[in-house]
Structures are given as C-alpha cells and as structure tokens.
Amino acid sequence: MKGNRIPLAGVIGAPVAHSRSPRLHGYWLAKNGIAGHYIPLEVASADLETAFATLPKLGFVGANVTIPHKEAVLNFADVVSDRAAIMGAANTIVFQSNGKVHADNTDGYGFMENLRSGAPGWDPAVGPAAVIGAGGAARAVIWALLDAGVPQIRLTNRTRARSDALRDAFGARIEVIEWVQAGNAIDGAALVVNTTSLGMTGAPELRIPLDAIDDSMVVTDLVYTPLDTPLLRLARERGATVVDGLGMLLHQAVPGFERWFGFRPVVDAEARAAVLAP
Ligand code: NAP
C-alpha cells in the first residue's frame with residue numbers, strides 16, 4: 001500500500017460486465033487478506049486516453065485490458081514489453097510510481113502455464129502443434145509455443161490472409177494449411193489448440209475433420225464457456241489428454257496481480273471455483 005492509499009486495479013473494456021476477472025482478483029485479495037480493490041471499468045474507445053491519464057491520479061496501480069482496447073492501448077504506453085510488442089497487443093498495464101505506463105501481454109504465458117499444469121507429460125519438442133484459428137488469441141498461443149521450443153506450427157484459419165500475416169510475423173516454423181484441409185493439420189500433431197471462438201456457447205460448432213485425433217495427443221481449447229467443449233469431449237473419448245481453457249484465464253492474471261498488489265497468487269481449485277460461481 002502506498003501511504004494510506006488502498007491500491008486499486010480493474011479491467012478496462014467495452015463491454016466489460018461479462019468479465020470474470022473481478023471475481024478472480026477479488027477472491028485472491030480476500031483469501032490473502034490484501035487491502036485492495038479490483039473493479040470492472042467500462043471505457044469507450046474515445047475515452048481511453050483520458051482514462052489512462054486519470055486512473056493513476058485516482059489511486060489505480062494498474063489494469064487489465066480487454067476487447068476492444070488490447071491493441072489501441074499500446075498507443076498510451078511509455079514502455080512496451082517485448083512480448084506485447086510482438087503480439088501487437090497488451091492485456092496487463094502497470095502505472096509505475098515514476099509516472100510511466102508499462103504495457104505487457106501475459107496471454108501467452110497464461111496459455112503455457114495452463115498447458116504445463118494440465119498436461120505435465122507434454123514435451124514441446126516432441127512434435128508439431130496444430131493451431132486452429134489466427135485471431136488475436138492465436139498470436140499469443142503461437143508466441144508461447146515457439147518460445148517453448150515447438151519445432152513446427154501448422155496453422156489453419158478460415159481467412160487465409162490472417163494465417164499468412166502470422167507466418168510473416170513469426171517466421172518459417174509456421175506452416176500455413178488451407179482451412180478446407182484443416183484435418184491434415186491435425187494428422188500426426190502432438191498438440192492441437194483451438195483458438196477460434198467456434199464451440200463457444202452461442203457460436204457455431206468447430207466443423208473440421210477431427211478423425212486424426214488419437215491417444216498420443218494433447219488437445220486444448222481456448223473456449224471456456226462451456227468448459228467441456230465438443231472438441232474436448234471428442235478428444236477425451238479418443239483417449240487424448242485434454243486441457244480446458246479456464247486455466248489460461250486464471251494463469252494470465254497472476255503476473256498483473258503480483259505487480260499491483262505485491263503478492264504472487266496461487267491458481268488452484270478454489271480459484272477456479274470462485275471464477276465459475278454463478
Ligand atoms: P478474434 O481475434 O476475433 O479471432 C476469432 C477467430 O475465430 C479467428 O480465427 C476467426 O477466423 C475464427 N472464427 C470466428 N468465427 C468463425 C467461423 N464461423 N468459422 C471459422 N472460423 C471462425 O478473437 P480472439 O481474441 O482470438 O479469441 C478467440 C477465442 O479465444 C474466443 O472464444 C475467446 O473467448 C477465446 N480466448 C480465451 C482466452 C482464455 O483465457 N481462455 C484468452 C483469449 C481468448 P477468421 O479470421 O476467418 O474470422
């Protein structure tokens with residue numbers, strides 16, 4: 001705590017009411033007896049600059065940033081971490097005591113921590129990864145997989161130009177596979193990652209050939225509503241190791257909480273339950 005001020009943090013987005021982050025950070029604050037608050041902050045794009053100038057003066061030590069501000073927020077940062085720069089987006093902001101705004105992206109970190117804890121036997125070097133989808137989340141996943149040492153990423157997306165852009169950004173370890181041949185991306189992969197919104201409640205199903213999924217594979221889905229997506233159900237039936245997407249949300253929150261409140265929180269079953277509570 002700075003002086004008598006109780007540190008404040010929040011999640012900046014529009015809309016932001018659906019965000020589960022306030023539950024998670026609120027749970028960690030209460031559980032660990034930390035003086036602090038974390039609240040949803042609905043900020044329109046036109047007001048983002050004003051928000052960044054004002055929040056530190058009100059006692060905010062930082063914030064998470066979500067849709068639609070993850071890219072625009074880089075314009076208001078004084079210091080951008082290497083991983084946020086390569087992802088072209090930030091999700092974790094620190095208002096430093098020297099007045100500078102620091103922007104980082106912990107989505108890739110959260111993805112990898114979730115994968116490592118859910119599939120401890122998975123060795124990044126063992127074989128190619130199939131990444132389905134080439135949106136913002138895919139960028140974080142690809143960064144994390146390459147950083148971990150995955151030898152090859154087979155990338156398939158409905159809109160080919162977005163896959164090509166990621167190949168241009170990340171280089172030759174990315175092999176672009178046409179959407180109509182998405183089944184080939186999965187065949188022989190060691191890891192399969194769905195980064196599309198397909199399979200989410202209210203969205204269409206992921207309709208690509210999944211027959212190549214077998215018990216040697218790890219299959220994970222970034223979609224976490226529902227927790228058990230049709231992809232994960234099918235993969236489990238085929239004996240694959242499955243990792244759901246909620247852990248990514250929990251793990252990506254850890255570095256921000258630690259920087260704002262000076263305590264590294266633990267991702268455990270209770271934290272999951274706190275986020276899932278109706
Ligand atoms: P995004 O940038 O809007 O990308 C959406 C992706 O889904 C694109 O690859 C898009 O393909 C694909 N897609 C959407 N509708 C499709 C359809 N009808 N047919 C084929 N492909 C379709 O979104 P994002 O930020 O990457 O997020 C993607 C998903 O990841 C969301 O469900 C989000 O909730 C989830 N997510 C989870 C976490 C977590 O912590 N677990 C973190 C971040 C994101 P096109 O390029 O062809 O449009």
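## A walk from the sheet to the C-terminal helices

Start by selecting strand E7 (residues 129-132) and strand E8 (residues 153-156): the two run parallel and are joined by four bridges. What you have open is a predicted model, so please read every value here as computed from it.

**Stop 1: strand E7 and its neighbours**

Keep E7 and E8 on screen and pick Ala129, which stands opposite Ile153 in E8. Now add helix H5 (residues 136-148). Together, E7, H5 and E8 make a right-handed β-α-β unit.

Next, show strand E10 (residues 191-194). E10 also runs parallel to E7, and four bridges join the two. Two pairs are good to click on: Ala130 stands opposite Val192, and Val131 has Val193 as its bridge partner.

While E7 is selected, turn on its side chains. Which residues point one way from the strand, and which the other? Ala129 and Val131 take one side, Ala130 and Ile132 take the other, and all of them are buried.

**Stop 2: the whole sheet**

Zoom out and colour the strands. You will find six of them in an open sheet with parallel pairing, in the order E9-E8-E7-E10-E11-E12. At the edges are strand E9 (174-177) and strand E12 (241-243), each of which pairs on one side only. Direction ignored, neighbouring strands of this sheet are turned by 20 degrees against each other on average. Then bring in helix H4 (residues 107-118), which packs on the sheet and touches E10, E11 and E12. The direction of H4 makes about 140 degrees with that of E12.

As background, strands of a sheet pair through backbone hydrogen bonds, either parallel or antiparallel.

**Stop 3: Thr220**

Select Thr220, found in strand E11 (residues 218-221). Is Thr220 buried or exposed? Thr220 counts as buried because its relative accessibility is 2%, under the 20% cut-off. Display what surrounds Thr220: leaving aside residues up to four places away in sequence, its contacts include Phe111, Leu115, Leu191, Val192, Val193 and Asn194. Leu231, Leu232, Val243 and Asp244 are also among the residues that Thr220 touches.

**Stop 4: Arg264**

Move along to Arg264, in the loop between helix H10 (254-261) and helix H11 (269-276). With a relative accessibility of 41%, Arg264 counts as partly exposed. To see how far you have come, draw a distance from Arg264 to Met217: their C-alpha atoms are 32 Å apart in space, and the two residues are 47 apart in sequence.

Which residues does Arg264 touch, not counting those up to four places away in sequence? They are Tyr109, Val254 and Glu258. Two of these contacts deserve a closer look. The side chains of Arg264 and Tyr109 are joined by a polar contact of 2.7 Å, and those of Arg264 and Glu258 by one of 2.5 Å.

**Stop 5: helix H11**

Finish on H11 by selecting its buried residues: Ala271, Ala274 and Val275. Look down the axis of H11 and these buried residues fall within an arc of 95 degrees, so they line one face of the helix. An α-helix has 3.6 residues a turn, so residues three or four places apart point the same way. To see what covers the buried residues of H11, add helix H1 (21-31) and helix H9 (246-252), which are included in that cover.

Conventions. Residues are numbered from 1 along each chain as its sequence is written. This is a predicted model: local features need pLDDT of at least 70, side-chain atom pairs count only at pLDDT 80 or more; totals for chains, interfaces and linings use all residues. Side-chain values use heavy atoms; hydrogens and water are left out. Buried means under 20% relative accessible area, exposed over 50%, partly exposed in between (1.4 Å probe, protein chains only). Two strands pair if DSSP finds at least two bridges between them. A crossover is right-handed if, with the strands pointing away from the viewer, the path from the first strand over the helix to the second runs clockwise. Contact means heavy atoms within 4.5 Å. Axes are lines fitted to C-alpha atoms, for helices over the stretch in contact, and angles run from 0 to 180 degrees between N-to-C directions. A polar contact is a pair of N or O atoms within 3.5 Å; within protein, one must be able to donate a hydrogen and the other to accept it, and residues adjacent in sequence count only if both atoms are side-chain atoms. The arc is that of the directions from the helix axis to the C-beta atoms.
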